[in-house]
Amino acid sequence: MRIVFMGTPDFALFSLKALTESKHDVVVVVTQPDRPGNRGVTVCSPVKKFAAERGIPVLQYEKIGRDGADDLRSLDADIYVTAAFGQILTREIIDIPPYGIINVHASLLPKYRGSSPIQWALINGETETGVTVMRTAVGLDTGNILLSKRIDILPEDTAGSLFDKLGALGAETLMEYLDMAEAGTCPSEIPQDENRSTYFPMLKKSDGLIDWTAGSKSIFDKFRGVTPWPGAYTFLHGKTVKVHEVKIASGSGTPGEVLIADKSRLTVACGDGAVDLIELQFEGKKRMNFADFLNGNKIAVGEVLG
C-alpha cells in the first residue's frame, strides 16, 4: 500500500520504522515544522530526521488543514497513518485517502485521550494500559476503534520504560491491522463509548512538582509518570532538588517533614505514610545517592521540604 505517514516525536518512530521495513511504500512523511531550540539552534522533529536519513520526502505545515490538502491529493496514496502527529485533521484531509486515515494511540481508548496518555496512566496508578489503532475522525482521539492490544503496567515501570513497550506494541498492532486491511479481514469497527471517555492534557514541567500532602503511593505513581520528563522535584533551602529515585516507606509526620536523614535512609513524610528519597540532584549539580547528598548538604530531621 502507498502510505502517507504523519508523526512528530520519538513515539512515532516505532511505527514509521516498521512501515519502512515492510512491503508497504511510505511515499512521504508529514511532520510538525522545525522549532527554535536552545541557543537559537533550529531543531527538527525525530520523525523528520529519520525520514531524511532514509531519503523519504518530508512535508511540514503549521496548519495542515489550511495548507496541505492539495499537496496530499497529488500523492495518490492509499491510506494515511498517524502517530502523535500533533495536529487535529480537518474533514477535507480525512476524506482524501481511499482507505481513510488510521491513528496509533498509546492508550486503551476511550480512556486517556490526549497527548500524554502514557504518563497520565502511571500518575493515576493504572495497572494496565495498551495501544489502540483507531479510525481518525474530526476531534481529539474520538474515532472508531479498529484494533487494540493490552499490556500490564509493572510496578517498576516509569514513563520511559512504558514508552518503549507501547511504541513497539503500537507498531506491531499497526502492521497487523494493515495486513488485515489488505486481506479484507478487518474486524468490525467499534464506536467509542463517550460515557467512559477520559481526557488528560499535555504534561507540563510544573506537573513534576511533588505535592507532599498526597499519599505515599500517589507520590510514587507521580514520580513514575514524570520520569524521565519533566522529572520529579521539590524544594530544599529555597533551591530546586530533582528526585531521580523514590520508594514507598513507613512513617508519619507533617507532609514534607524529614523523618530520617542519616547514612541508612532519607525518609520524608507524606499526607499518608512516607517515602524514601534514594537519588537526588540539586539543579546544576550532579546526581547523587542520598548518603552522598547528605554528606554535602545539611538536612536536619524536622525540616520540611517543598
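Here are some exercises with worked solutions on the predicted model shown above.

## Exercise 1: Getting an overview

Find how many helices and strands the protein has, and what share of its residues is buried.

**Solution.** Start with the secondary structure: the protein has 9 helices and 15 strands. Next, look at burial. The protein has 306 residues, and buried residues make up 47% of them. Then turn to the overall extent: along its principal axes the C-alpha trace spans about 70 × 45 × 30 Å. Finally, think about which parts of the sequence meet. Among contacts with a separation of 6 or more, 65% are between residues 24 or more positions apart.

## Exercise 2: Reading a sheet

Work out the strand order of the open sheet of 7 strands, and say which strands stand at its edges.

**Solution.** Step one is to follow the strands across the sheet. The order is β5-β2-β1-β6-β7-β8-β9, and the pairing is mixed. Step two is to look at the two ends of that order. β5 (58–60) and β9 (145–152) each have a single partner strand, so one side of each is left without a neighbour in the sheet. Step three is the twist: on average, neighbouring strands are turned by 20 degrees against each other, ignoring direction.

It helps to recall a general point here. Strands of a sheet pair through backbone hydrogen bonds, in either a parallel or an antiparallel way.

Now zoom in on one pair. Strand β8 (residues 128–135) pairs with β9 in the antiparallel sense, over 7 bridges. To see this pairing at the residue level, find T132, which stands opposite S148 in β9.

## Exercise 3: Helices on the sheet

Identify which strands helix α1 lies across, and which strands helix α7 touches.

**Solution.** Begin with helix α1 (residues 10–20). This helix lies across β1 (2–7), β2 (25–31), β6 (79–83) and β7 (101–105). Its direction runs at about 165 degrees to β1. Go on to helix α7 (residues 159–183), which packs on the sheet and touches β1, β6, β7, β8 and β9. The direction of α7 makes about 145 degrees with that of β9.

## Exercise 4: Two aspartates

Decide whether D221 and D157 are buried or exposed, and find the polar partner of each side chain.

**Solution.** Take D221 to begin with. D221 is found in helix α8 (residues 216–225). Its relative accessible area is 4%. The cut-off for buried is under 20%, so D221 counts as buried. The side chain of D221 makes a polar contact of 2.6 Å with the side chain of K217. Leaving out residues up to four places away in sequence, D221 touches L122, I123 and G125.

Now repeat the steps for D157, which is found in the loop between β9 and α7. D157 has 2% relative accessibility and therefore counts as buried. The side chains of D157 and S161 are joined by a polar contact of 2.8 Å. Beyond four places in sequence, D157 touches L122, D152, L162, K165 and R224. Try finding L122 in the structure: L122 touches D221, and L122 also touches D157.

## Exercise 5: Pocket and cavity

Find the volume of the largest pocket and of the largest cavity, and see what lines each one.

**Solution.** The largest pocket has a volume of about 1100 Å³. Its lining has 37 residues, and P9, A84, G114, S115 and S116 lie nearest its centre. To place the pocket in the fold, note that α1, β7, α6 (117–123) and α7 each supply at least two lining residues.

For cavities, a search of the whole structure finds 1 of 30 Å³ or more. The largest cavity holds about 60 Å³ of space. Its lining residues are T234, L236, V241, L266, V268, L277, L280, F293, I299 and L305. β10 (232–236), β13 (266–269) and β14 (274–282) each supply at least two residues of this lining.

One lining residue, V268, also lets you look at strand pairing. V258 stands opposite V268 in β13. Strand β12 (residues 258–261) and β13 pair in the antiparallel sense over 3 bridges, and the two form a hairpin with 4 residues between them.

Conventions: Residues numbered from 1 in each chain as written. Predicted model: local features only at pLDDT ≥ 70, side-chain atom pairs only at ≥ 80, totals over all residues. Heavy atoms only, no water. Buried < 20%, exposed > 50% of the residue type's maximum accessible area, 1.4 Å probe, protein only. Polar contact = N/O pair within 3.5 Å; in protein donor to acceptor, adjacent residues only side chain to side chain. Contact = heavy atoms within 4.5 Å. Pairing = 2+ DSSP bridges. Axes fitted to C-alpha atoms, helices over the stretch in contact; angles between N-to-C directions. 1 Å grid on protein atoms, 1.4 Å probe; cavity = no way out; pocket = protein on both sides within 12 Å on 5 of 7 lines; lining within 4 Å. Points joined across faces, edges and corners; volume = space filled by probe spheres on them.
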